[in-house]
Amino acid sequence: MSCRFYLPTTQSTCGLCYISKILMSDIIVTEKICKNYSLGTHVVRALVDVDLHVGMGEFLCIVGPSGSGKTTLLNLIGCLDVPTSGTVKMFGQYETAKLNDKETTLLRRDRIGFIFQSFNLLPVFNVMENVGLPLELQRVPKAELDKRVKALVEEVGLIEYAQHRPDELSGGQRQRVAVARALITNPQLVLADEPTANLDHDTGMAVLELMLEMNRNHGTTFIFSTHDPKVMGIAKRIVTVEDGRIKEDRNVA
Ligand SMILES: Nc1ncnc2c1ncn2[C@@H]1O[C@H](COP(=O)(O)OP(=O)(O)OP(=O)(O)O)[C@@H](O)[C@H]1O
Ligand SMILES: [Mg+2]
């Protein structure tokens with residue numbers, strides 16, 4: 001069916017279709033990526049010919065048994081490692097294996113947020129300081145930093161804990177701090193490797209609900225891995241990995 005809207009553009013499609021195509025454009029494209037690890041004479045084939053396209057604003061969950069390659073895939077997407085063969089293209093313009101160290105560091109600092117299973121908060125910093133750290137690294141002026149940190153800490157429901165250090169918070173509250181820290185730079189992409197693994201089911205669901213809310217409010221793309229079938233229900237797309245290959249890729253209504 002042809003689109004009933006027409007905006008004059010130089011494209012062969014109408015303006016609204018063109019705009020929606022841009023909005024839905026892929027921010028990650030992996031083409032036939034393989035990752036091998038050498039263990040002495042033995043080679044572990046952690047990923048085999050993985051083709052994955054992820055669009056802007058997706059809320060995607062990677063599942064699969066232990067050792068299936070989930071962390072390896074997230075590490076390649078997060079520019080923490082490069083594939084043995086194949087290509088990872090990010091944000092429509094960067095092929096990760098071709099970036100130098102400085103370019104990789106800037107890409108990670110400015111466009112990707114990370115959330116870890118074990119929170120990885122700095123123990124001597126309070127909530128505000130932990131959330132503000134990525135902005136310090138970007139040398140954002142103090143007044144702007146304070147304003148942005150306060151607004152986000154409020155948004156994740158922790159303003160009354162603002163001066164608490166991580167050891168004065170519950171596991172769920174710590175992961176909320178980690179979510180805020182991952183989002184403070186307004187990254188286009190947030191990667192979370194088993195963000196609920198150290199949380200009980202209800203707390204884990206609350207953290208995922210928060211991530212989903214951030215996905216809705218800010219349009220941030222989220223990719224998270226999990227073992228927990230109960231938390232998969234919240235994802236909009238589930239990619240199943242087995243023995244380093246994508247076994248199933250389905251959208252969830
Ligand atoms: N640095 C490494 N050196 C050697 N082998 C590795 C390394 N990292 C991962 N592997 C191997 O690659 C395979 C995939 O590991 P990966 O950590 O990606 O799995 P996973 O799906 O994240 O597992 P889990 O659910 O237990 O976290 C496994 O066989 C693992 O042993
Ligand atoms: Mg893992």
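Val-63 has Thr-240 as its bridge partner in strand S9. The model is a predicted one, and this pair is a handy way into its sheets. The two strands involved are S3, residues 59-63, and S9, residues 237-242, which pair in the parallel sense over four bridges.

Zooming out, S3 and S9 sit side by side in an open sheet of six strands, ordered S6-S7-S8-S3-S9-S10, and the pairing in this sheet is mixed. At its edges are S6 (112-115) and S10 (245-251), each of which pairs on one side only. From one strand to the next, the twist averages 15 degrees.

There is another open sheet, this one built from four strands in the order S2-S1-S4-S5, with antiparallel pairing. Here the edge strands are S2 and S5, the latter covering residues 94-95, and each pairs on one side only. Within this sheet, S1 and S2 run antiparallel and are joined by ten bridges. As for individual residues, Ser-38 stands opposite Val-43 in S2.

Strands S1 and S2 turn up again around the ligand. Ligand 1 is surrounded by 13 residues, with Tyr-37, Ala-46, Ser-66, Thr-71 and Thr-72 the closest. Which elements each supply at least two residues of this shell? They are strand S1 (26-39), strand S2 (42-55) and helix H2 (70-77). The largest share comes from H2, which puts in three residues. Sorted by class, the shell around ligand 1 comes out as eight polar, four nonpolar and one charged.

Turning to the helices, a packed pair is usually summed up by two quantities, the angle between the axes and the distance between them. For helix H4 (residues 127-137) and helix H6 (residues 171-183), the angle is about 30 degrees and the axes lie 7 Å apart. Angles under 35 degrees count as roughly parallel, so H4 is roughly parallel to H6. The crossing of these two helices is right-handed.

What do the two helices bring to this contact? On the H4 side are Val-127, Asn-130, Val-131, Leu-133 and Pro-134, and they meet Val-177, Ala-180 and Arg-181 of H6. By class, the residues of the contact between H4 and H6 split into six nonpolar, one polar and one charged. Arg counts as charged, and Arg-181 is among the H6 residues here.

Terms used
Residues numbered from 1 in each chain as written. Chains lettered and ligands numbered in written order. Predicted model: local features only at pLDDT ≥ 70, side-chain atom pairs only at ≥ 80, totals over all residues. Near = placed C-beta within 6 Å. Axes fitted to C-alpha atoms, helices over the stretch in contact; angles between N-to-C directions. Parallel < 35°, antiparallel > 145°, perpendicular 65-115°, else oblique. Left-handed = near helix turned anticlockwise from the far one by under 90°. Contact = placed C-beta atoms within 7 Å. Pairing = 2+ DSSP bridges.
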